[in-house]
Amino acid sequence: YQNKQALHYYDKLIALLPRKAEPEQVTKAHLRRGKILEQTGRWEECRQSYARALRTAQRAHNETLLGQAHNHLGQVLLLLGDYNGAQKHFEKASELAEAQNDVIGQARVYGNLGNLFFRLGQYSKAKDYYTHSIDAARRSDPAAVSAQTVAHFALAYMNQGDYDNAVRIIQEQIPHSRRLNDKPGMTSLYTNLGIVYFEKGDYDAALDSYKQGMALSEELGNKMFTAINIGCIGSVYERRGDYPKAMQHFVRDLELVEEMGDKQGTAIALTLIGELLSYMGEFGQAIDYLQKSILICEELGYQKGLAKAMNTLGDVFFYTSQHERAIEYYDRAIKVSRQIDAKAVLGISLVEKGAVLVEIGQDAELEHIVSEATDLARALGHAELEFEAGILAAQLLVLQNRPEAAIQALESLASLPLPPEQEAALYYQLHRIAPEQDEWRRRALQLYQNLYNQTPKYLFKARVEALGSEKI
């Protein structure tokens, strides 16, 4: 409501300003109007408002306002997916800020350049710009440090596998932002903290952070962060096996990002829907969504999204026994993940490619894959990935005609406290090695039947059918 009031006020102000009004006044009005349009997700109108601000700033010969207009226009072009256009405006804004020794202006544009390179998967370069932004702001006024820049800085660490630093960076900023009552900053911090916790596998902590981010984004009328949190909460429901509620969230997320013209958000939502459809065994629909996501990611140069969509498409082809195509897409996901140093996506793609190689009996690459995936899992502290690498290591031993060693390795895993899905996978592998040991088959069947009763996952159903679905 307040956003609508403010927008109405600026529309009236701009209409009432005389044609010979000072260009500085007109520029500031367009910039403020654009900011409200940006927050409420009306990005094309926002772009037009910032473009008008740029034209009037040029007439005013006011380099401070001109730099602000370039920076704001670059920011909305970034959101709309025009990365080349965004970079040109950021670079011009940077030149103007540096020429005037405008430290706060430098901090803002460095933060936006960090966001640009973050989206392109150049995380080290993004971190450099984020560091420059934070340092510049601190030189002027420690309170001027952008919480949103800090939140994105943390995600750059997360994408490189440094979860502990990612959490620390955000948690250190939250008290400062709360003291300043910086609600937009806290929205970004809580949302991104949830993303880090989710990547770590702590879904309860992730959901708690998402809910805090969601409450703030709704209070502010921030459509972009509302959409992000809706999709993220959907991912928690998906991991908990509530597929209908997850799909409801993903579809709503897609609707919002399409309304805003948010191409990157659209690619992410399409991948989420495609992945969930693949879990449900709806492979034809899944391929359609994932291919659309890949096209957008390629258009944008959004590398992490490209790696995730390709990895998920590899899963679909694996489930449908199209092994060569599965390997092709896993290889593409692995290549992109290496290029951008996205360690978690790389590790997942490696073990999933390894599963295909096991299925077709090719062990030439497996030893290297097992070693690299295990090292990545331990470096990341990623328990789920380490378990998958352990299963793959046992499968490699079987291919090397060492079934006793494989059973011993799996039995050592069985001594650990495992969630039901991992315990089921472990007994399923033991049964495949030694089908004569019927107690392993019966234990795997019982676990998978319980899992499928709770969650209609295609893999659970397939394994129940493979194990024999008689009553236990």
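## A walk through an all-helix model

Start by selecting asparagine 101, which sits in the loop between helix H5 (83–99) and H6; helices here are DSSP runs of H or I with at least four residues, strands are runs of E with at least two, and numbering goes from the N terminus. Before you click further: this is a predicted model, in which local features need pLDDT of at least 70 and side-chain atom pairs count only at pLDDT 80 or more, while totals for chains, interfaces and linings use all residues. Residues are numbered from 1 along each chain as its sequence is written, and side-chain values use heavy atoms, with hydrogens and water left out.

Back to asparagine 101. Its relative accessibility is 58%, so it counts as exposed (over 50% relative accessible area is exposed, under 20% is buried, in between is partly exposed, with a 1.4 Å probe and protein chains only). Draw a distance from its C-alpha to that of tyrosine 197, 96 residues away along the chain, and you should read 39 Å.

**Zoom out**

Now show the whole thing as a cartoon. You'll find 24 helices and zero strands. Lined up on the principal axes, the C-alpha atoms fill a box of roughly 90 × 40 × 35 Å. The radius of gyration is 25 Å, which agrees with the value near 23 Å for a compact globule of 472 residues; it is taken over C-alpha atoms, and the globule rule is 2.2 Å times the number of residues to the power 0.38.

Switch to a surface. About 21700 Å² is exposed, and carbon and sulfur atoms supply 48% of that (Shrake-Rupley method, 1.4 Å probe; for residues, only the protein chains shown count as cover). Buried residues make up 55% of the 472. Colour by charge next: the mean positions of the 52 positive and 61 negative charges lie 8 Å apart. Lys and Arg count as positive, Asp and Glu as negative, with His and the chain ends not counted; each charge is placed at NZ of Lys, CZ of Arg, CG of Asp or CD of Glu.

**Into helix H6**

Select asparagine 112, in helix H6. Its relative accessible area is 7%, so it is buried. Beyond residues up to four places away in sequence, asparagine 112 touches Asn71, Gln75, Leu78 and Phe90, where contact means heavy atoms within 4.5 Å. Arginine 32 is 80 residues away along the chain, and the two C-alpha atoms are separated by 18 Å.

Stay on H6, which spans residues 103–119, and pick asparagine 115. This one is also buried, at 16% relative accessibility. Setting aside neighbours within four places, asparagine 115 is in contact with Leu78, Tyr130 and His152.

From there, hop to glutamine 75 in helix H4 (residues 63–80). Glutamine 75 is buried, with 16% relative accessibility. Its contacts, again leaving out neighbours within four places in sequence, are Lys35, Glu38, Phe90 and Asn112.

**The cores**

Which residues touch the most other members of the largest nonpolar core? Select Val196 and Tyr210, out of 133 residues in that core. A nonpolar core here is a set of buried Ala, Val, Leu, Ile, Met, Phe, Trp, Tyr and Cys residues joined through side-chain atoms within 4.5 Å. There is also a second, separate core of 24 residues, which includes Ala394, Ala406, Ala434 and Leu445. Now centre on valine 196: apart from neighbours within four places in sequence, it is in contact with Leu155, Met158, Tyr163, Ala166, Val167 and Ile170.

**Helix H16 and the loops beyond**

Threonine 312 is your next pick, in helix H16. At 2% relative accessibility, threonine 312 counts as buried. Leaving aside neighbours within four places, it is in contact with Thr271, Glu275, Ser278 and Leu290. The C-alpha atoms of threonine 312 and serine 278 are 8.1 Å apart, though 34 residues separate them along the chain.

Move on to serine 321, in the loop between helix H16 (303–319) and helix H17 (323–340). Its phi is near 60°, a positive value in a residue other than glycine. Most residues other than glycine have a negative phi. Serine 321 is exposed, at 52% relative accessibility.

Last stop: aspartate 341, in the loop between H17 and helix H18 (343–359). Is it buried, partly exposed or exposed? Aspartate 341 has a relative accessible area of 30%, so it is partly exposed. Phi of aspartate 341 is positive too, near 60°.
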